[in-house]
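Biologist: I should like to learn how the features of a model such as this one are read. Please show me the structure, and let us take the features in turn.

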Amino acid sequence: MQERHSPQDEFFLQKALELAGRGRGFVSPNPMVGAIVVRENEIVGTGFHRRFGGDHAEVEALRDAGDQARGATLYVNLEPCSHFGKTPPCANRIIDAGIKRVVIGMMDPNPLVNGRGIAILREYGIEVEAGVLDESCRELNAAFFKFISTSLPYVTLKIAQSVDGKIADASGASRWISNAAARRVVHRWRWQHDAILVGIGTVLKDNPMLTVRDDDGPQPRRIILDSFLRTPLSAHVVSDAYVHATIIAISETCNEEEKINEITKRGGVVWKVPADSRGGLMLDMVMARARLANIAALMVEGGRSVFSSFLEARLADRLACFIAPKLLGDGVPAFQGLKDLSVNKNISLVKSSWQVIDDNVLLRGNLRYPAQGEVEIKVRV
């Protein structure tokens, strides 16, 4: 039987979760964490992790509470750390502050923590209750949990399509299928991700900037899958003010050294990725390079071969699909390939939700793949 927690604990833990969310886009690859100090049912201190390398939420909340922390309860959505990293262990700060009770949303899956923070607190006589709003806590930091447990980025496929499933018309034009309000939402998502990824086809057809313009937030990195380095030197991604945020993944067999040198001279980065016998990029190797670059949350914005490759490789975790009230007929479908799927054996969305954005509909959900044997992930893009 699932353990039930008091309404009071759930109320204050929810407040800590809301605080944690304010760190989205600024703390990755660290998790988003919020903390609240409560004394006699009154909040006396609050804090959240504001930026990567900065003070942790617990430290901020304890500082805000001051002497009122002694004998109080601390609410935090993730287990306090127990190791020295960029900052000292939060468990030690909690002990020194005289906190009497700690209510934790969920344990930290980081192997450096993973129950050690709870054990230390209990060793010093602090009452600890864990697992409060566990599911909500997991959802908030889904990218961090995948990143820390698999060393792979959490991947969201962002698609804008017509009612009949087309992401471009028959001529290849795709501006604009979605409405202005939907595009503003996408710009907010961009700065909340570590990087945006598209294929070379999108660059050649649309010359996208892949920057944040309709919202306020940090500029994400931009990854271009471009096996043979066909990206024009005049393209926005290698000629604008954010070229230093551009990464172009090319095949190890690509010998465009002069072009590589020019892009790196401008401040861009070129990854040489292993290729298969036909010269295509190995998408899992691109993801491995992304992990080394501390890219924990990745949003894929196109095109159809890239969307399909991530699904075929089972590397996509979430789908966000804007559906516009338009029919494009003989246009470009959102996906290609995806063999061996059927009504009974399909890629489905779980924990899905609908949202109306002016005249567009946004469908979001986590991707669930059908059970099958080994998956070949040497995909060609």
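Biologist: With which residue does Glu129 form a salt bridge?

Modeller: Side chains of opposite charge can pair when their charged atoms come close. The rule applied here asks for a side-chain nitrogen of Lys or Arg within 4 Å of a carboxyl oxygen of Asp or Glu. Glu129 meets this rule with Arg101, the closest N and O atoms being 3.0 Å apart. Glu129 lies in strand β5 and Arg101 in strand β4, so the salt bridge ties together parts that are 28 residues apart in sequence.

Biologist: Before we continue, on what basis are such features reported?

Modeller: This is a predicted model, in which local features need pLDDT of at least 70 and side-chain atom pairs count only at pLDDT 80 or more, while totals for chains, interfaces and linings use all residues. Residues are numbered from 1 along each chain as its sequence is written, and side-chain values use heavy atoms, with hydrogens and water left out.

Biologist: Which other side chain meets Arg101 in a salt bridge, and is Arg101 buried or exposed?

Modeller: Glu127 also pairs with Arg101, at 3.3 Å from N to O. Burial is judged by relative accessible area (buried under 20%, exposed over 50%, partly exposed in between, with a 1.4 Å probe and protein chains only). Arg101, at 16%, counts as buried, and Glu129 is buried too. Glu127, at 44%, is partly exposed.

Biologist: What does a salt bridge within a helix look like here?

Modeller: An α-helix has 3.6 residues a turn, so residues three or four places apart point the same way. In helix α10 (residues 257–266), Arg266 and Glu262 are four residues apart, about one helical turn. Their side chains form a salt bridge of 2.9 Å, N to O. Arg266 is partly exposed at 31%, as is Glu262 at 27%. Elsewhere, salt bridges that share partners join Asp9, Arg101, Glu127 and Glu129 into one network.

Biologist: How many strands form the sheet that holds β4 and β5, and in what order?

Modeller: Strands of a sheet pair through backbone hydrogen bonds, either parallel or antiparallel. Here two strands pair if DSSP finds at least two bridges between them; helices (H or I, at least four residues) and strands (E, at least two) are DSSP runs, numbered from the N terminus. Five strands form this open sheet, in the order β2-β1-β3-β4-β5, with mixed pairing. β2 (42–48) and β5 (127–130) each have a single partner strand, so one side of each is left without a neighbour in the sheet. Four bridges join β4 (residues 101–106) to β5 in parallel, and Val102 has Val128 as its bridge partner in β5.

Biologist: Which helix lies across β4 and β5, and at what angle to β5 does it run?

Modeller: Axes are lines fitted to C-alpha atoms, for helices over the stretch in contact (heavy atoms within 4.5 Å). Angles run from 0 to 180 degrees between N-to-C directions. Helix α4 (residues 116–123) lies across both strands and runs at about 155 degrees to β5.

Biologist: How many residues of helix α2 are buried, and against which elements do they pack?

Modeller: Seven of the nine residues of α2 (residues 57–65) are buried, including Val59 and Leu62. The buried residues pack against β1 (34–39), β2, β3 (73–78) and α3 (90–97). Gly66, which follows α2, has a positive phi near 60 degrees.
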